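Work through the exercises below with the sequence and the model side by side. Each task is followed by a solution that goes step by step.

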Amino acid sequence: MRWLLVKDLQILRRSPLLVGLLVVYPVVIALMIGFALSSPPGKPTVALYDAVRTGRGAVSIGNQQINISHYANQLFQSIKPIRVTSRAQAIRKVQDGQAQAALIVPADIVSQINSLITQGVGNPTVELILNSRDPLERQFAQQAIAARANQVEQAVSKQVLRVAVTDLQQVLNGGKLQFLGQSVPLLGLRNARAIVQGTIASLPANSPLRPALKQVVDFADLASGGLGFASPVLSSIGSPLTIKQTELTGKTTPSASYAAAIAVIVSLMFVGVLLAAGLLALERSEHAYSRLVRGLIKPEGLLSEKVLLAAGAATGVTLLMSALVSLFVHLEWMRFPLWLAALVMGALAFGALGVAIGGLARDVSVASLMAFVVSLPIAFVALVPGDAVSGTLKSILDAVAFVFPFKAALQAAANAFSGTAPGIGWPLIHLAVLTLVFGALARLALRRFA
Amino acid sequence: MSIGTQTAQRTVTVAVRGLTKRFGARIALDRISFELYAAEVVAIIGPNGAGKTTLLSILAGVLNPSEGEVIRTPDRRFGWVPQEPALYSKLSVAENLRLFARLERVADPDQAVAAMLAQIGLEDRAGEEVARLSGGNQQRVNIAIGLLCEPPALLLDEPSASLDPRQRERLWEFIGGLAGRGTTIIFSTHNVAEAERYAGRTLVLGDGELLFTGTPADLERAVSGGDTTLDADTPRLAGDFESAFVRFLHDRGH
Ligand SMILES: Nc1ncnc2c1ncn2[C@@H]1O[C@H](COP(=O)(O)OP(=O)(O)OP(=O)(O)O)[C@@H](O)[C@H]1O
Ligand SMILES: [Mg+2]
């Protein structure tokens, strides 16, 4: 068996195209599937603590109203909010990995905005807490929120300016001021100037009051000119709303590591099944099979050799892939021995499935085609969400998923990567049993040709 | 091999009893029985699809019979040269030989490889990928692998089909030497003259039935339909024998 292994490795080394087909292609497909699953069609889940209950309607600032619910609705179009009742609860959601981010609107935001407008001091702040565990998801959540926050910010600053500019206009031109429910007339700088100007005119030419009042008029000219100019300048003032962004290391969200597990197991499946099927079929297409089975090697030995080689290659490729994926998605390196267990057992089961297919095919191309035709539906069946189908169809799909290694391998890998339920024990036993079953089927397939 | 050398002529190496092979409804071999002796050279002849490859494959242990049995004495693996070259095309000539020498558990694989390369005259192409050899040279490697383990019996399925005359000559010379040392040789061929010239005995297969067993001279007599004027001493052309053989098969419905 050792010499057959050496021989197969030699053949693979001299067949870069075959290796390309059998190894690189599946990995590319798997990565594509993984990214398609991990990148958003969905919205990031955000824990939302809103102390003001801004979403309920409008907030008054000065004598202006900001229709917050309008902006809240826009925000909710791009996130999936989980409403919580305290800041601490929001943070816990992120720590537990139930939410990718937390958005906290503090109770004092309205008074801060008001004070900013009336006294020019104030620091209205919303708090954004991100999970730094998964760089990819972190960015995803941040972008979704930042885009919306920007809109709110612009809206708020526009409203703030409108308040400020209106007040300014009143100082300049006069108007009515709402004060304690009473309407108080306001004179305005320009009116004041006109009155003073009139007063000067009515004074005798040599009146000592004239130069003094002239100074008041000059000041009013200067001030109204300057203030009139101030409103456009004011509107160019930057954002009044501060987003205080913090990061914490929470658990990774299940969806990210699950997507990683899917990508890895799809690769494991393709490499394991294709290589085992292809190498076994190669023995037959080279006619060497007839020499080997005449007692040079037991059929069991031949099958084991192919399964081991395919499983070894599949494990190697997917370990490398997991390490790469862990740069983007948090996978728990602490559980590395479990990774190894899940990938090795999965690879053996896929290898056994591969030789069962290869035992039926007469040449490499037929074997590869059959391996593809069998593998893809198995993966899809196992990936159909439980609530997407019902009744009999669900039972059928469950049964199909049960008799092929994909689902068990996926459960094992998902658990190994991030400790998701169910545990890893049963999936590993399941895989071991499937390895034996498919090995036995492959043995039967070989007998068919004797 | 002690058995072969001690009582050379009449030691049975293989006994075939009521051998039947069915592929679905098709009967490829129909209740065949015969014996093979040590140091004898036996030719199997018969038209395409007669069952020659099937018979040799069962003797080689590649196929299982549907019915009947094959008894080997001693119970050792036979040498096997299949009809189509059974080689790894991505490996070199020497790598193929070495792999099978190791799988055959030959005591000194490297020495056996060197000896075989010399025998088939491919020493200078030892490092070349088999895929790049000509069909005839591939067949030479194919034959060499069958000879690696010095078996008690050697089975060759149309071994000379793609060889040039010189290689053919060398092959029969080598096979004659093996038989002289007690090895049983059984080969199939479409070349009736070859069977006549090198075989001590001929088995004629037609549609899975064993139509004839005997020496080439016996076959000749049977072929000429009891025509006594045509005895072994009468000079004649090989072509005559071949056409007579075709007539022989035709008369028996093949
Ligand atoms: N694997 C198989 N499956 C089905 N039928 C087969 C198989 N192998 C051989 N046969 C059939 O058995 C019969 C005998 O075939 P076999 O190859 O033994 O003939 P042969 O005498 O070697 O012919 P040739 O001179 O062309 O090599 C044929 O009818 C063939 O079609
Ligand atoms: Mg044949």
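Does B:D218 count as buried, partly exposed or exposed, and at what relative accessibility? At 32% relative accessibility, B:D218 counts as partly exposed, where buried means under 20% relative accessible area, exposed over 50%, and partly exposed in between (1.4 Å probe, protein chains only).

The model is predicted, so that local features need pLDDT of at least 70 and side-chain atom pairs count only at pLDDT 80 or more, while totals for chains, interfaces and linings use all residues. Residues are numbered from 1 along each chain as its sequence is written, chains are lettered from A and ligands numbered from 1 in the order in which they are written, and side-chain values use heavy atoms, with hydrogens and water left out.

**Exercise 1.** Find the salt-bridge partner of B:D218 and place the pair in the chain.

Solution. Begin with the contact: B:D218 forms a salt bridge with B:R221, the closest N and O atoms being 3.2 Å apart; the term requires a side-chain nitrogen of Lys or Arg within 4 Å of a carboxyl oxygen of Asp or Glu. Next, place the two residues, which both lie in helix α8 (residues 216–223) of chain B, three residues apart, or about one turn of the helix. Helices (H or I, at least four residues) and strands (E, at least two) are DSSP runs, numbered from the N terminus. Finally, check B:R221, which is partly exposed with a relative accessible area of 43%.

**Exercise 2.** Describe the salt bridge between B:R17 and B:E35 and the parts that the pair ties together.

Solution. The side chains of B:R17 and B:E35 meet at 2.6 Å, N to O. Because B:R17 lies in strand β1 (residues 12–23) of chain B and B:E35 in strand β2 of chain B, the pair ties together parts that are 18 residues apart in sequence. As for exposure, B:R17 is partly exposed at 36%, and B:E35 is partly exposed at 23%.

**Exercise 3.** Identify the residues that coordinate the magnesium ion (ligand 2).

Solution. The donors are B:T53 (OG1) and B:Q83 (OE1), at 1.9 to 2.3 Å; donors are N, O and S atoms within 2.8 Å of the metal (3.2 Å for Na, K and Ca), and water is not among the atoms, so sites may look incomplete. B:T53 lies in helix α2 (residues 52–60) of chain B and B:Q83 in the loop between β5 (79–81) and α3 (93–103) of chain B, so the pair ties together parts 30 residues apart in sequence.
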